[in-house]
There are 2 protein chains.
Amino acid sequence: MEATEIRQHFPTFEKELVDDIEEKSEVRSFTAGEQLMRTGQYFKSTMLIVEGLVKVYREDDQGNEFFMYYLQPGQACALSMVCAVKQETSQIMAKAVKDTEVISIPLAYMDEWMGKYKSWYHFVLETYRSRFEELLVTIDHIAFQAMDERLEFYLKKHVQTLGSKIIPISHQEIADELNSSREVISRLLKKMEQLGKVKLQRNSIEVIHLS
Amino acid sequence: MEATEIRQHFPTFEKELVDDIEEKSEVRSFTAGEQLMRTGQYFKSTMLIVEGLVKVYREDDQGNEFFMYYLQPGQACALSMVCAVKQETSQIMAKAVKDTEVISIPLAYMDEWMGKYKSWYHFVLETYRSRFEELLVTIDHIAFQAMDERLEFYLKKHVQTLGSKIIPISHQEIADELNSSREVISRLLKKMEQLGKVKLQRNSIEVIHLS
DNA sequence: GGAACAATGTGACAAAAGTCATAGACCAGG
DNA sequence: CCTGGTCTATGACTTTTGTCACATTGTTCC
């Protein structure tokens, strides 16, 4: 990985850290749809997203999957960090939405750099903090909000993250990720269309205006 | 705080760290019912629980509160750590259930020790990890389980944490913490009583046998 | 074009949870 | 031992969500 590219996505990193990353890390690529991480897997490295987009899910024993948050360039997977240190597994699944490039950093360096580079230390803690906050927001939504509000939030988030008003997704997929059923989502979307909030096409939803 | 007491609750801490804590930290006491942390508050220190029991809630804008997890002696508040570093606030509320004693560690040392003491570094990361996992379990429950299962889990957790089969709590309080309504909780509890799972008294629930 | 399949639309119904109204049970303080 | 307040019980009803059945509409591929 070239230093300039690293610096571009991780501008807070000091020069020596960037050099260290350049030297000791490994770049890995995933094509859209591929899994970066599977339930029950052990981590030997932590991953920083350089390019692309990753969707992180929670999976329960019965195979229900539940959308938690996106990872974008400049971000890292908090769980891979946290599990790496303790050599534990986690019920997390991550999937590349677009073709994705990550920097894979061996566990040993991740530890070493915590003491060596202030910017790395802050990056790691900030990663924990922000993912923690995301989870809290997620909890708020499931706990306090009705399906229609959650659906609107879901669409909003996707528009934001994809940088496009058109979300290429089926009703069934949304239902799975919100842990609901296709019919319910279809009904709510139809209602939203009648209110002029979205425009429905086959396999995609165009967001017009959300409150 | 005496070194022996610190070592008792935090056995992994190395000697020098315990000495540092003894010297630089401050003990704070809270009586049952008192708040350790309020929504929107800034942290200037992080807190390790030495004695007692603390309940941690999530609060949303409208004042709904939602029970997340307990903190027991030997544990620390992940959020106070994470927010301390970035000097940010969080929508978290913590309340002492029993009379509680905490070690309050100024932000500056918390940072310094991360590089200095391996045991502190691991303690902090382990705190993040375990709280993160707790949140994931919480999400599983809200997302995938019906009220009756969540109620059983709630009771089970309380029995475990309180170390007593008798939980001193009203139906209304449970309803608030599970974000439901009193009638629903009363009905479910009644059903559980008929199944011989619990015994209901005024202001307390005796757990007989949970699946 | 037509078969096969995936995605969506829709009505009818069931189940779970929330709301409302009301009543009884229990408790503490005067 | 009354009284006001809190806690619990319960029936009736509404709303939301989930489920089932089936129709319709696109899409793909021969």
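Which residue of chain A comes closest to the rotation axis? In this predicted model, the residue in question is A:Gly115, whose C-alpha lies at 2.3 Å from the axis. The rotation itself amounts to 180 degrees with 0.0 Å of shift along its axis, and it superposes chain A on chain B with an RMSD of 0.1 Å; that is the relation of a two-fold axis. In keeping with this arrangement, the same surface serves both copies, as 100% of the contact residues of chain A recur in chain B.

Within chain B, 4 strands are assembled into an open sheet, following the order S2-S6-S4-S5 with antiparallel pairing. The edges of this sheet are formed by strand S2, spanning residues 35–37, and strand S5, spanning residues 65–71, each of which pairs on one side only. From one strand to the next, the twist averages 30 degrees. Strand S4 of chain B, comprising residues 54–59, runs antiparallel to strand S6 of chain B, comprising residues 92–96, and the two are joined by 5 bridges. Among the residues of these strands, B:Tyr57 stands opposite B:Met93, the latter belonging to S6(B).

The sheet of chain B is also met by an element of the other chain, namely helix H5 of chain A, which covers residues 118–144 and lies across S4, S5 and S6 of chain B. With respect to S5(B), which is one of the edge strands of the sheet, helix H5 of chain A runs at about 130 degrees.

Technical notes: Residues are numbered from 1 along each chain as its sequence is written. Chains are lettered from A and ligands numbered from 1 in the order in which they are written. This is a predicted model: local features need pLDDT of at least 70, side-chain atom pairs count only at pLDDT 80 or more; totals for chains, interfaces and linings use all residues. Side-chain values use heavy atoms; hydrogens and water are left out. Two strands pair if DSSP finds at least two bridges between them. Axes are lines fitted to C-alpha atoms, for helices over the stretch in contact, and angles run from 0 to 180 degrees between N-to-C directions. Contact means heavy atoms within 4.5 Å. Copies are superposed by least squares on the C-alpha atoms of residues with pLDDT of at least 70 in both.
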